[in-house]
Amino acid sequence: MAHYLMSVLDTRPPTPGDDEEMAAIDAYNDQLRADGHWVFAGGLAGPDTATVVDNRGGEPVLTDGPYLESKEFIAGFWVIQAPDLDVALRLCAQGSKACNRRLELRPFGGVA
């Protein structure tokens, strides 16, 4: 099975969802596990907590803040496995509904 990254896109300050939203996400996660699609998932702290690390030169350069300044940011993610893109797209649509946010779906490159 191929692996896919589903990134949760948000524009709101990072806060836990309300009880109904969290229950929907928990149910979605449970279904992913039951159906064998679950690999890993997690929520992320806000972009203001990011540090960019660049060690292409002689010494690492650490820069506070996000890589890109943008109104949208990645608020969380799922890594799933699916037999094909159609199944991954269906799972992504279900995830978008569960978390009430837009998702970006990308396959992992190389050997899975």
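**A walk through the fold**

Pro-47, Ala-50, Pro-66, Tyr-67, Leu-68, Glu-69, Ser-70, Glu-72 and Phe-73 line the second largest pocket (on a 1 Å grid over the protein atoms alone, a pocket is an open set of points where a 1.4 Å probe fits, with protein on both sides within 12 Å along at least five of seven lines, and a lining residue has an atom within 4 Å of a point). This model is a predicted one, in which local features need pLDDT of at least 70 and side-chain atom pairs count only at pLDDT 80 or more, while totals for chains, interfaces and linings use all residues. Residues are numbered from 1 along each chain as its sequence is written, and side-chain values use heavy atoms, with hydrogens and water left out.

The volume of the second largest pocket is about 240 Å³, a volume being the space filled by probe spheres set on the grid points, which are joined across faces, edges and corners. Its lining is made up of six nonpolar residues, one polar residue and two charged ones, where Ala, Val, Leu, Ile, Met, Phe, Trp, Tyr, Cys and Pro count as nonpolar, Asp, Glu, Lys and Arg as charged, and the others, Gly among them, as polar.

Seen as a whole, the protein contains two helices and six strands, and along the sequence these follow the pattern β-α-β-β-β-β-α-β; helices (H or I, at least four residues) and strands (E, at least two) are DSSP runs numbered from the N terminus. The C-alpha trace spans about 45 × 40 × 20 Å along its principal axes.

Which strands form the open sheet, and in what order? Four strands take part, in the order β2-β5-β1-β6, and their pairing is antiparallel, two strands being paired if DSSP finds at least two bridges between them. The edges of this sheet are β2 (38-43) and β6, each of which pairs on one side only. On average, and with direction ignored, neighbouring strands of the sheet are turned by 20 degrees against each other, as judged from axes that are lines fitted to C-alpha atoms, with angles from 0 to 180 degrees between N-to-C directions.

Within the sheet, β1 and β5 are held in antiparallel pairing over nine bridges, and Met-6 has Trp-78 in β5 as its bridge partner. Strand β1 is also joined to β6, by six bridges and again in the antiparallel sense, with Leu-9 standing opposite Arg-102 in β6.

Strand β3 (residues 51-54) and strand β4 (residues 61-64) run antiparallel and are joined by four bridges, and the hairpin that connects β3 to β4 passes through six residues. Along this pair, Val-52 has Thr-63 in β4 as its bridge partner, and Asp-54 stands opposite Val-61 in β4.

What lies in the interior? Of the 112 residues in the protein, 29% are buried, where buried means under 20% relative accessible area, exposed over 50% and partly exposed in between (1.4 Å probe, protein chains only). The largest nonpolar core, a set of buried Ala, Val, Leu, Ile, Met, Phe, Trp, Tyr and Cys residues joined through side-chain atoms within 4.5 Å, has 19 residues, of which Met-6, Tyr-28, Trp-78, Ile-80 and Leu-91 touch the most other members. At least two residues of this core come from each of β1 (2-10), α1 (19-34), β5 (73-82), α2 (85-99) and β6 (102-107), and α2 supplies the largest share, six residues. Met-6 and Trp-78 thus appear once more, having already been met as bridge partners.

Three single residues toward the end of the chain complete the tour. Lys-97 belongs to helix α2 and is exposed, with a relative accessible area of 72%; its C-alpha atom is separated by 9.0 Å from that of Ile-25, although the two are 72 residues apart along the chain. Asn-100 has its place in the loop between α2 and β6, counts as exposed at 54% relative accessibility, and has a phi near 60 degrees, a positive value in a residue other than glycine. Leu-103, in strand β6, is buried, with a relative accessible area of 16%, and its C-alpha atom is separated by 4.7 Å from that of Val-8, 95 residues apart from it along the chain.
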